[in-house]
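Biologist: I should like to examine this structure with you, one question at a time. Please keep each answer brief and close it on what I asked for.

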Amino acid sequence: MDTLYSTKSEIVKRYNPIDPKAHKGTQGHALIVAGSYGKMGAAALSSKACLKSGCGLVTAFVPKCGYEILQISNPEVMTITDEQEKFISNITFDIKPQAIAIGPGLGQEMITQNALHQFLKNNTVPLILDADALNILSSKKEWLSLLQSKTILTPHPKELERLIGKWNSDEEKFDKTIAFSKQHDVIIVMKGAPTFIIDGAVIYENSTGNSALATAGSGDVLTGIITSLVAQAYQPINASILGVYLHGLTADVALPETGHHAFIASDIINYLGKAFLTLENEK
Ligand SMILES: NC(=O)C1=CN([C@@H]2O[C@H](COP(=O)(O)OP(=O)(O)OC[C@H]3O[C@@H](n4cnc5c(N)ncnc54)[C@H](O)[C@@H]3O)[C@@H](O)[C@H]2O)[C@@H](O)CC1
Ligand SMILES: Nc1ncnc2c1ncn2[C@@H]1O[C@H](COP(=O)(O)OP(=O)(O)O)[C@@H](O)[C@H]1O
Ligand SMILES: [Mg+2]
């Protein structure tokens, strides 16, 4: 098994500075389908991280109860609401996003499961699936055949286990994840310490991050970052590698100022600027 390590010089090669003539219409439009009653923070964090990673326009698709929460917490993010109050029941919209994320805080109501199924049957936009979207697919494995090539899946270890089954060793975990990635032609961001990005037989090991990231919402923020990069026309593999690197780098940069304990998911977003700057300074 060959593992490629994501050194800074490797990352800089994959990073594209923003064109001086860019405008919000050329920086991509991302759609974040997320949130349910009590988990609207996941939608707010994910969509804010998406915007703070360079995406020109971000729309959050949330249940009705999320409307004011999103509009007040993230005034730069546009909001579309589902017809249901507490959870998502029908993922339809009249915008044309270049990337769509589904899952943070979504919940697994039956009607939400059906909404995901209908969406997957019709979708052609590059997709990032996290959290409850992965949990739903774990219980409906036949829907995995609906995923487009190079869809990005971002499971934490428990979500990965639900998708691929239990493993008895690290080697078996990698073997099963590689087999899953090949079978469904998807990219797996295998979150952990460290995170590995798996694209068929190719494994990339991330080199940034620390245990300050062991905090609620940390993965929701990562989903927003990767979605932002896909919307900005990064190839899914480059968006995954670069997104995971920047996410980890925020915690490394913040550590001398926040320490491990006080660092929360909003701080990942707060330190994104400094993380991006370390790449910009190398270009
Ligand atoms: N503020 C919010 O609205 C938040 C919403 N969230 C959402 O809440 C829902 C539930 O997500 P959860 O991930 O909490 O629930 P899950 O049941 O999917 O995962 C929790 C389980 O996974 C295990 N686990 C997680 N990371 C692990 C690791 N690195 N190694 C080993 N075991 C690990 C935990 O010990 C626990 O047993 C998701 O939709 C998620 O997006 C969370 O992101 C937390 C913040
Ligand atoms: N000890 C650690 N070292 C490095 N990264 C970590 C550590 N703990 C958690 N992370 C990172 O934090 C994120 C957690 O994601 P996840 O469990 O989905 O969080 P949530 O669902 O609460 O948003 C992942 O990107 C993971 O790699
Ligand atoms: Mg998560």
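Biologist: How far does a polar side-chain atom of aspartate 220 lie from an oxygen atom of ligand 1?

Modeller: This is a predicted model, in which local features need pLDDT of at least 70 and side-chain atom pairs count only at pLDDT 80 or more, while totals for chains, interfaces and linings use all residues. Residues are numbered from 1 along each chain as its sequence is written, chains are lettered from A and ligands numbered from 1 in the order in which they are written, and side-chain values use heavy atoms, without hydrogens and water. A polar contact is a pair of N or O atoms within 3.5 Å. Between the polar side-chain atom of aspartate 220 and the oxygen of ligand 1, the separation is 2.8 Å.

Biologist: What percentage of the area that ligand 1 exposes when taken alone does the protein bury?

Modeller: Areas of this kind come from the Shrake-Rupley method with a 1.4 Å probe. Ligand 1 exposes 860 Å² when taken alone. The part of this that the protein buries is 54%.

Biologist: At what distance from an oxygen atom of ligand 1 is a polar backbone atom of alanine 42?

Modeller: Alanine 42 belongs to helix α2; helices are DSSP runs (H or I, at least four residues) and strands likewise (E, at least two), numbered from the N terminus. Histidine 156 also approaches ligand 1, with a side-chain N or O atom 2.8 Å from one of the ligand's oxygen atoms. For the backbone of alanine 42, the distance is 3.0 Å.

Biologist: Which residues come nearest to ligand 1?

Modeller: A residue is near a molecule if one of its heavy atoms lies within 4 Å of it. There are 17 residues around ligand 1, and those that come nearest are Gly105, Asp132, His156, Arg162 and Asp220.

Biologist: Which helix supplies the largest share of the shell around ligand 1?

Modeller: At least two shell residues come from each of α2 (40-51), α5 (131-139) and α6 (157-164). By class, the shell holds 6 nonpolar, 5 polar and 6 charged residues, with Asp, Glu, Lys and Arg counted as charged and Gly as polar. The largest share, 4 residues, comes from α6.

Biologist: Which residues does the UniProt "binding site" annotation that includes Ala42 cover?

Modeller: The record is an unreviewed entry, and such annotations may be inferred rather than shown by experiment. The set covers Ala42, Gly105, His156 and Asp220. The lining of the largest pocket (an open set of 1 Å grid points where a 1.4 Å probe fits, with protein on both sides within 12 Å along at least five of seven lines; lining residues have an atom within 4 Å of a point) includes Ala42, Gly105, His156 and Asp220.

Biologist: How far is a polar side-chain atom of lysine 191 from an oxygen atom of ligand 2?

Modeller: Ligand 2 sits in the largest pocket, meaning that more than half of its atoms lie within 2 Å of the grid points. Lysine 191 is placed in the loop between β8 and β9. Its polar side-chain atom and the oxygen of ligand 2 are separated by 2.7 Å.

Biologist: How much of the accessible area that ligand 2 has on its own does the protein cover?

Modeller: Glycine 192 brings a polar backbone atom to 2.9 Å from an oxygen of ligand 2, and serine 218 a polar side-chain atom to 3.1 Å from one. On its own ligand 2 has 570 Å² of accessible area, of which the protein covers 76%.

Biologist: Which helix gives the most to the shell around ligand 2?

Modeller: This shell has 5 nonpolar, 9 polar and 2 charged residues. The most, 4 residues, comes from the helix of residues 218-231, α8.

Biologist: Why can Lys191, Gly192, Ala193, Pro194, Thr195 and Gly219, listed by UniProt as "binding site", be said to gather at one spot?

Modeller: The annotation is from an unreviewed entry. These residues span 29 positions in sequence, yet they gather at one spot because no two of their C-alpha atoms are farther apart than 13.4 Å.

Biologist: Is the peptide bond from alanine 193 to proline 194 cis or trans?

Modeller: Proline 194 lies in the loop between β8 (187-190) and β9 (196-199). The omega angle of the bond from alanine 193 is near 0°, and the bond is therefore described as cis.

Key:
Polar contact = N/O pair within 3.5 Å; in protein donor to acceptor, adjacent residues only side chain to side chain.
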